[in-house]
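Work through the four exercises below with the sequence and the model open. Each task is followed by a stepwise solution.

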Amino acid sequence: MSTRKKTREQLERELAQVCRRVAELEAEKAGRLQAEQMLRVYSRVIDNSPDKISLIDRQYVYRMVNPSYCRVFGVPTDQIVGYPVSELFEERIFQDVIRPHLERCFAGETVDYEAWFTFPAAGSRYMQVHYYPLWRDGEVEYVVVLSRDITERKRAEQLREEYTYTISHDLRAPVTIIRGHAQILQRTLEGAGLKGAPQLSVEAIIKGAQRMEAMIQDLVDSARLEAGQLQPQKQVVDLDAFTSDLLQRAGTLMDIGRIKIEIPANLPPVSADPDQLERIFTNLLTNALKYSPPETQVLVKAERTNGEVVVSVADRGVGIAPEDLPHIFERFYQPRAGRRLEGLGLGLYITKMLVEAHGGRIWGESEPGKGSTFYFTLPAA
């Protein structure tokens with residue numbers, strides 16, 4: 001009996017092992033099927049991608065290209081795969097542009113650049129190119145190259161630059177002439193002792209020209225900021241000394257008597273572009289003074305928080321409606337409730353872009369009828 005029982009136990013163990021192995025094989029099979037399915041999905045994604053995708057080995061030979069890559073050269077896959085990269089591009093382009101980037105990527109770097117290329121079937125195209133290393137056993141075995149056609153975006157940027165040039169030169173010049181002649185006329189009227197309606201009319205012309213110049217400058221600056229042409233030239237800036245100097249120079253532009261500065265003596269300096277920082281402060285202070293009663297105070301404060309400096313500009317004005325507050329930093333947006341419409345709605349948009357160009361953040365808090373506070377951060381130096 002014992003021998004029969006022992007044999008039965010062995011058979012049960014062996015059967016259990018077989019069952020486990022069958023389960024493992026089924027799992028492996030399912031895993032292979034899933035991997036094959038995912039591979040087919042990835043293959044379809046690559047084949048249908050509008051981006052040009054290629055795989056290049058250490059000898060600079062193509063090992064894989066997708067249909068989009070073939071189309072710009074006007075040749076089938078079998079005339080690219082297995083051939084050196086140098087055979088598809090001009091010698092100068094390969095030696096001066098492509099090869100140096102491939103060398104960097106095979107050394108382990110991820111490379112990004114943009115350049116114009118001329119393709120046999122697509123003509124001159126502006127490409128955004130990304131090189132990604134594929135590692136194996138501690139060495140880069142292949143480089144994946146993803147090229148995206150951004151020609152239309154590049155042309156749009158060029159049109160925007162032309163638009164900026166037109167505004168800056170063709171529109172600003174006549175406005176400057178109008179303001180200049182109006183100022184001459186103003187001095188002539190003052191010299192002749194003429195007051196009343198003629199003088200008020202001239203003052204209105206001058207103020208209108210100044211507002212037009214300010215709007216033109218906002219348009220130019222917003223276009224340049226969007227194109228990345230106004231990168232901050234950072235310096236170490238002491239905020240206490242900076243704001244004091246700013247108010248001294250702004251006496252003719254704003255009611256500085258209403259502005260109170262509270263900056264602690266131990267506040268660390270910030271890293272900022274002084275000219276752009278002046279624009280940030282001027283925009284926020286001008287808005288605070290404009291939208292608050294003349295007998296109220298505008299308070300500027302600063303404090304250090306987690307390695308950065310937080311600056312606030314608070315007023316006791318009409319405030320901003322809750323439905324407007326989420327949109328106040330949008331381009332051309334103008335809150336309507338309780339505010340007179342002036343300008344193009346670019347002031348806070350430009351302010352936001354300048355703050356973000358410094359690596360900071362900006363936000364606003366407001367309660368209608370009680371005032372608004374705008375906060376922005378700057379990196380501590």
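**Exercise 1. Find the elements with the lowest and the highest mean pLDDT.**

Step 1. Use pLDDT, the predictor's confidence in each residue, from 0 to 100. Helix α1 (residues 2-48) has the lowest mean, 63. Strand β10 (residues 308-314) has the highest, 96. Helices (H or I, at least four residues) and strands (E, at least two) are DSSP runs, numbered from the N terminus.

Step 2. Turn to the whole protein. The average pLDDT is 85, and 86% of the residues score at least 70.

Step 3. Note the ground rules. This is a predicted model, where local features need pLDDT of at least 70, side-chain atom pairs count only at pLDDT 80 or more, and totals for chains, interfaces and linings use all residues. Residues are numbered from 1 along each chain as its sequence is written, and side-chain values use heavy atoms, without hydrogens and water.

**Exercise 2. Describe how α5 packs on α8.**

Step 1. Take the geometry. Helix α5 (residues 197-226) and helix α8 (residues 347-357) pack at about 35 degrees, with axes 10 Å apart. Axes are lines fitted to C-alpha atoms over the stretch in contact, and angles run from 0 to 180 degrees between N-to-C directions.

Step 2. List the contact (heavy atoms within 4.5 Å). From α5 come D218, D221, S222, L225 and E226; from α8 come Y349, I350, M353 and L354.

Step 3. Sort by class. Five are nonpolar, one is polar and three are charged. Ala, Val, Leu, Ile, Met, Phe, Trp, Tyr, Cys and Pro count as nonpolar, Asp, Glu, Lys and Arg as charged, and the others, Gly among them, as polar.

**Exercise 3. Do the same for α6 and α7.**

Step 1. The axes of α6 (residues 239-249) and α7 (residues 274-290) come within 11 Å and cross at roughly 65 degrees.

Step 2. On α6, the contact uses L239, F242, T243, L246, L247 and R249. On α7, P274, L277, E278, F281, T282 and L285 take part.

Step 3. This contact has eight nonpolar, two polar and two charged residues.

**Exercise 4. Which classes of residue line the largest cavity?**

Step 1. A cavity is a set of points on a 1 Å grid over the protein atoms alone where a 1.4 Å probe fits but cannot get out; lining residues have an atom within 4 Å of a point.

Step 2. Count the lining: 15 nonpolar, two polar and one charged.
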